[in-house]
Structures are given as C-alpha cells and as structure tokens.
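Visitor: I would like a close look at one part of this model, and then at the surroundings into which that part fits. Please take your time with the answer.

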Amino acid sequence: CVVDLTSFKGDYYANDVADLQWDSYSASLVKVVSLNEREEVLEQEKQDKIADGGGQVTAGAAMGVVPFSLTSEATAQLTKFKSGELHFVSLGLGAECTINVSEGFDASGVNIVGAVGSAPLASKLVQTSPSFVCVRCAGPIAGSTVEVFVYSCPENSPVRTKMSFSTAKSAALSEMKRVGVVFEKNFEITEASEVDDVLKTIVEGEKSGASSAAAEIKHKKPSRPGKGRARQIKKFVPDDP
C-alpha cells in the first residue's frame with residue numbers, strides 16, 4: 001500500500017505543539033466551513049447579478065466599482081448652475097454612495113469670477129475636507145463665460161476621505177454631464193486658499209491670450225549680423241629675416 005499526499009482529504013498546520021490537539025483541529029474545521037459558506041454566498045450574489053443583467057456581468061460589477069449618484073438637492077443646484085442662476089456649486093459625498101451639496105454650502109454673493117464686483121471664493125470652500133467645485137469664470141469675449149471644475153483636496157483631510165473622493169471624481173463628472181453641466185477646464189488644488197489664484201490665472205489667460213505673447217517671441221526675427229561692436233584686425237606683417 002502506497003501512501004502519499006493524494007491519500008489525504010486535507011492538511012492541518014500547527015505552529016505549536018499545543019496545537020496538536022483534537023480541539024484545535026476541530027476549530028480549524030469550523031473556520032474552513034465558515035469560509036466556504038461565505039464563498040457560496042458571494043457566488044450566489046454574483047449569479048443573481050448575472051440573472052438581473054440578462055446573463056451578463058456589467059463592467060462595474062466585475063471590477064467592484066461603486067456607483068455614485070446625485071441627490072435631488074445636488075441635481076437642483078446643478079440645474080441652477082447650468083441655467084446661470086448660480087455661478088458656484090460645492091458638492092461632497094453623502095451616505096449610501098451619494099453626491100450631495102457640501103455641508104454649509106452658500107452661493108450667496110458669488111458672482112462670475114473675473115467680473116466686476118466678484119469676491120474671493122476661498123472662504124466659500126470646505127476647508128478641511130475634499131469637495132467638487134463648479135465655478136463660472138469670465139471668458140475671453142465680453143459676455144462669454146468658461147465653466148471650470150475644481151477638485152479641492154486639502155492635505156489635512158483624512159486619508160480615507162481623500163481616497164473616497166478620488167474614487168468618486170469620475171462618477172461625479174459623469175453625473176454632472178448627465179444633468180447637462182460640462183466643463184472646459186479641470187483643475188486640482190491641495191488647499192482651499194489656492195482656488196482664487198488658480199481662477200485668476202484662468203481669467204487672465206482667457207482675456208489676454210497668453211499664447212499670443214509666446215508666439216510673438218518665437219517668431220521674432222533675429223538681429224542682422226554685423227550690428228555688434230566692430231573689432232579691429234591688424235594685418236599680419238612678417239619680420240625681416
């Protein structure tokens with residue numbers, strides 16, 4: 001009779017001599033059974049998703065992507081932003097994977113950034129937590145505007161919160177686009193105090209056409225040769241033999 005590893009139904013690892021007891025072995029069997037039951041539950045959930053999806057697993061379900069969605073309040077504020085009634089909206093993450101209006105959000109007194117009478121925006125942003133900010137800036141032509149998306153992620157925010165917002169960023173942009181809000185520029189800042197400098201750069205760049213100055217320098221003709229200071233060259237005269 002030949003006895004090898006295939007002759008056994010399983011194996012048991014003991015890290016200590018005290019573990020070589022029936023009670024310890026029995027306890028390990030309970031853990032294995034519990035794990036197998038959990039795997040069965042997960043497999044059943046997977047099969048249920050396949051059945052609900054017409055026999056196919058969606059990319060989100062396969063990759064474990066959590067679907068974020070806008071709350072009715074966030075949708076209402078974004079609708080006002082789209083119509084021009086609001087020029088600033090701040091969004092955060094709520095319960096059950098929702099995208100909601102940031103706590104303490106106040107758009108009163110906020111005008112188009114770069115327009116006459118526009119006030120600094122930094123004080124309106126959430127200071128200690130990430131947020132998705134929608135801002136309207138003055139455009140290059142009188143009366144035109146530029147919609148800007150700013151992902152504000154302060155360095156002092158909790159790590160898990162920052163990870164959640166980073167995961168939800170793409171979903172937030174997709175949800176805003178579904179409402180009809182699209183952006184021409186997209187920026188990320190690590191402190192709320194940076195927002196005004198970033199927006200100022202955008203407005204100045206739009207109005208002045210910063211690229212035109214660079215193009216002018218690039219295509220400027222070089223100076224004509226011979227315009228520098230003349231150097232006197234003495235004629236070589238050989239010495240007498």
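What is the relative accessible area of H87, and is H87 buried or exposed?

Guide: H87 is buried, because its relative accessible area is 17%, and buried here means under 20%, exposed over 50% and partly exposed in between, with a 1.4 Å probe and protein chains only. Before we look around, please note that this is a predicted model, in which local features need pLDDT of at least 70 and side-chain atom pairs count only at pLDDT 80 or more, while totals for chains, interfaces and linings use all residues. Residues are numbered from 1 along each chain as its sequence is written, and side-chain values use heavy atoms, with hydrogens and water left out.

Where does H87 sit? Its place is the loop between α3 (72-83) and β2 (88-93). Helices (H or I, at least four residues) and strands (E, at least two) are DSSP runs, numbered from the N terminus. Leaving aside residues up to four places away in sequence, H87 touches F81, V110, N111, I112, C134, V135 and R136; a contact means heavy atoms within 4.5 Å.

One of those neighbours, F81, leads us into α3. The buried residues of this helix are A74, Q77, L78 and F81. They cover an arc of only 100° around the axis, so they lie on the same side of α3; the arc is that of the directions from the helix axis to the C-beta atoms. As background, an α-helix has 3.6 residues a turn, so residues three or four places apart point the same way. S72 and S83, on the other side of α3, are exposed. The cover over the buried residues of α3 includes β1 (69-70), β2, β3, β4, β5 and α4. The length of α3 fits too: its twelve residues should span 16 Å at 1.5 Å a residue, and the end C-alpha atoms are 17 Å apart, which agrees. The expected span is 1.5 Å times one less than the number of residues. After α3 comes G84, with a positive phi near 95°.

F81 and R136 also turn up beside E147, a residue of strand β5. E147 is buried, because its relative accessible area is 15%. Its side chain makes a polar contact of 2.8 Å with that of R136 and another of 3.2 Å with that of T145. A polar contact is a pair of N or O atoms within 3.5 Å; within protein, one must be able to donate a hydrogen and the other to accept it, and residues adjacent in sequence count only if both atoms are side-chain atoms. Beyond four places in sequence, E147 touches F81, V135, R136, V182, F183, E184 and K185.

Now for the nonpolar interior. The largest nonpolar core has 41 residues, and those with the most contacts inside it are L78, L91, L121, L125, F132, M176 and L199. Such a core is a set of buried Ala, Val, Leu, Ile, Met, Phe, Trp, Tyr and Cys residues joined through side-chain atoms within 4.5 Å. At least two residues of this core come from each of α3, β2, β3 (98-101), β4 (131-138), β5 (145-152), α4 (159-179) and α5 (195-208). M176 touches L70, L78, L91, F132, C134, F149, V181 and F183, again leaving out residues up to four places away. C134 is thus a neighbour of M176 and of H87.

In the loop between β2 and β3 we find E96 and C97. Most residues other than glycine have a negative phi. E96, not a glycine, has a positive phi of about 55°, and C97, not a glycine either, has a positive phi of about 55°. E96 is exposed, with a relative accessible area of 76%, whereas C97 is partly exposed at 29%.

Finally, the wider setting. The protein chain holds six helices and six strands, in the order α-α-β-α-β-β-β-β-α-β-α-α from the N terminus. Of its 241 residues, 25% count as buried.
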